[in-house]
Amino acid sequence: MEIFFGAFTSEWEQRRAALLHEMTSGERGASAEEEMRRRLKQLAQLGAAGGGGSGGASGGRGSASKVRGTPRAQAKSTTAANRPMETRLAAVAKGSQPAVVKMASYGGGARVGAMLNYVSRGGELKVENENGRILEGREELARIRGDWDHLFQNRAESRDIGSFSVEIAASGFASDEALHEQVRSTLTSGFGDRRYAYAVAKSEGGSVTVQGLVVLRSGQGERLTGDTKAAGIIQGRYDTSATAGEAAAKFSFHGYGNGVEFGASRLRGLVDRHDDVRDDRGQPIANEKHAGDLVQKEWRGELHSRKSRDVMHVIMSARAGTDVAAFEGAVRDFLAHQFAGHRYVFAMHDPASDPKEAGEGGKRPHVHAHAIVAMKSDSGDRIETTPAVFREWRSVMAEKAREHGIEMEMTDRREFAAPPAFTRTQVRPVSREGRTEHVGTSEAAQARYDAKRGGRRMVAKSGRSRQYIIKAQETWQRLALAGGDRQVAAYAAQHREYLESGLSTAKTEPSGTVIRADFGSNFRIDLATLQEMVLEGQELRDMSRAEFETYEKKVETALFKLERSVSADDRADFDEIAGLARDFVNQKRELVDLYEQRKEALAEQAGEASRSEPRDPPDDEWDAAVAKHGEAVVEAGNEAMIEIEHYREGLDRIEAGEFSADRKEGMQAGLNRALEQASRLAIEGNSYVRDVAEQDPGLKRAIEQEENKSDRPEEVKDKAASNAETVDEQQRDLRANEEDRQPIDDDARAAHELASTVDATNRLQDRLNKDREAVPHGGETTPTDPAQQQVPRLEELEREQIEQRERDRDDRDR
């Protein structure tokens, strides 16, 4: 069968037809592949010699290498430059979308499997290779690694950061600072001038366990391997040091990794697990942000990290609503043109067919394609990646898209006063629902991320960029004055003003190039979203625990988005809004807890819960406390503890930076009041609070301080003890009466139990009120009554339970 290559209009179709022709002409696949390599190598040599090349499967494109000065490279650059700036900008003003081709990452040959698994969604999406062959399923994808192996350098990644632990046989330190001085002296004796971070844990036997991370490369260039061999080297150095005479120590490594991203992730984990983490200079690492800054700003330059670049991950995307089939054809032609002679595969991610859920990063609203490309071609040439090459990629992508009926243009951020893009190493994702939200790994990275996502207008500073911006400004001016389409004229005039303002700002303020930050629309949208999320909590009365947790996550996500769009001047207002929103959520959490307890009680009384099912530990603890102290005592004590924990949680969030520091004084005052109220409950006879205080040092100290107040008469202390005995006697009488009562119907028994509880609560409250009136505290009247504050909630819960039983009885009677 004879193949007429001119019948195929697409380059990838010609190449595939040529390959199929050779395979069906009697030769096997291996020989056809060798012939293909031979031809490509010949074409590469012809291109380097200035001969060009024509015909064959390559369609006259020559080598895929980006060798500077070759005729092919010059021809492609000329093609890109032939589309005038005025033509491109006029098309964008009319609605053409920008060409987006992004270099996502590089990887070694060992990572090809993981990258293919991501691109194909675990083999669920079809993957197409450079010959137009469709690969489906995990087995076919797994064979790609072996087929490409001869193209890989298989160079091992550098071991940059190691995870270590040290056992130090020392005890009896005068203070924590003395302990940390000894730890740093031990680590420095072993590690030398390497940077490290560590956390200390004291063992029961008196020894000290140190866990941490260390930069494996020293200032002199020696790189440790982060394994048993490296531990032996460090151990030998320590044993011969002067510090070894002070305390014995045993070093060990537990793993290693490559790059800043690995180090920042592991250091954040160390900070999350330990309260006190410090660096080699003794400076505390207070939170995850400080951990990221330390690795990004101080350790990065000492890593000298290297990774093998055997493959690259490229992403091509289009606006939402773009024709998927047309865009797929454009991507196919772009890859065939730009990476001819290289092995590659690509897959389309269409929101209509993406198997990955939106919350996990799938079903993005815009169509896009992922390509995995081998950096080395079969003829031995490597892909060059420079800003000029990336610009060429966008130009070719736009050209291929227009050929498939998609209006697309290559754009330059300098033409629109747009901020520079952020890289994957400068941010880390925190939410993948909808558009991925990130936080910066440093202050500079956060500023860059905020500028890009916040719609700021910026101009570049370099002299060459300034000349380019002037040319773009003149082009916008011509479009604005050309008349014709009003939309184009208005668009051009607006962007001319952006550039003009940026150039004038750069003259007067060389250090700042920000022109405008329009947060208004995003702020209003995010604020409305937050309001909607918070108001949704009004319906939480009948929600389950899982539904409430989903609601709480939505509120936190809305707060995060609102924080990203708020300006510095409105930061105080945001902190207040965030505090009120979180307080509202905390109140709803209490309600959910109360209603769950209510439902559990009703289910147990109605016989709906199986007695054979294992009980939850919190239920057992509650029942044990009620059996020991009485339900009324436990209820009052538990409400007091909830109040204490509320303020403690608020202080913790302030320390973590979630709340404004301005609220710390109020939170501390609230905690002091809550502790004082709980202490008075304990002194006035609440034995449950006293039991809890044995496990709560802060509450125990508060009770002791309350008891030791000089202005408190001694008879009150005696009366508190007698009150506790009286309450215990009342509860024993109630239980004895319950045992003697003959069994009656469930509704009557439940109503009687509630009445007994209310009666016991009222008697306890009357006694406490009489004691308080008889013995005033230092001549002052207590402004708040902790026990009395809890009675309305108990009464409300009791009324609801009685009303529910009455409705159930009426239903049965009907």
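Let's start with G292. Is G292 buried or exposed? Buried, with a relative accessible area of 0%. Keep in mind that this is a predicted model.

Where does G292 sit? In helix α10, which covers residues 288–303. Now its contacts. Leaving aside residues up to four places away in sequence, G292 touches A264, R268 and T441. There is also a distance to note. G292 and E261 are 31 residues apart along the chain. Their C-alpha atoms are separated by 8.9 Å.

On to helix α9, residues 259–273. This helix lies across a set of strands: β5, β6, β7, β8 and β9. Against β7, helix α9 runs at about 160°. Strand β6 is residues 196–202.

What about the sheet itself? Five strands form an open sheet, and the pairing is antiparallel. Read across, the order is β8-β5-β7-β6-β9. Which strands are at the edges? They are β8, residues 248–257, and β9, residues 277–279. Each of these edge strands pairs on one side only. From one strand to the next, the twist averages 25°.

Take one pair from that sheet. Strand β5 is residues 161–169, and strand β7 is residues 208–215. How many bridges join them? Eight, with the strands running antiparallel. If you want a spot to click on, find I168, which stands opposite V208 in β7.

Next, the six-stranded sheet. This one is also open, with antiparallel pairing. Its order is β2-β10-β12-β11-β3-β4. At the edges stand β2, residues 100–107, and β4, residues 134–135. Each has a single partner strand, so one side of each is left without a neighbour in the sheet.

Look inside this sheet at β11 and β12. Strand β11 is residues 344–349, strand β12 is residues 368–374, and six bridges join them. The two run antiparallel. One bridge to pick out: V345 has I372 in β12 as its partner.

A helix goes with this sheet as well. Helix α12, residues 387–403, lies across β2 and β10. Strand β10 is residues 311–317. The angle between α12 and β2 is about 130°.

Now two helix pairs. The first is α4, residues 85–93, with α14, residues 463–481. Their axes come within 10 Å and cross at roughly 60°. That makes α4 oblique to α14. The crossing is right-handed. Who makes the contact? From α4 it is M85, E86, R88, L89 and A90. From α14 it is Y468, K471, A472, T475, W476, R478 and L479. By class, this contact has seven nonpolar, one polar and four charged residues.

The second pair is α21, residues 664–683, with α23, residues 697–707. Here the axes are 9 Å apart, and the packing angle is about 65°. That makes α21 roughly perpendicular to α23. The crossing of α21 and α23 is right-handed. On the α21 side you will find L675, E676, A678, S679, R680, A682 and I683. They meet G698, L699, A702, I703, E706 and E707 in α23. The split for α21 with α23 is seven nonpolar, two polar and four charged.

To close, back to the start. G292 in helix α10 is buried, and its contacts include A264.

Key: Residues numbered from 1 in each chain as written. Predicted model: local features only at pLDDT ≥ 70, side-chain atom pairs only at ≥ 80, totals over all residues. Heavy atoms only, no water. Axes fitted to C-alpha atoms, helices over the stretch in contact; angles between N-to-C directions. Helix = DSSP H or I, 4+ residues; strand = E, 2+ residues; numbered from the N terminus. Parallel < 35°, antiparallel > 145°, perpendicular 65-115°, else oblique. Left-handed = near helix turned anticlockwise from the far one by under 90°. Contact = heavy atoms within 4.5 Å. Nonpolar A, V, L, I, M, F, W, Y, C, P; charged D, E, K, R; others polar. Pairing = 2+ DSSP bridges. Buried < 20%, exposed > 50% of the residue type's maximum accessible area, 1.4 Å probe, protein only.
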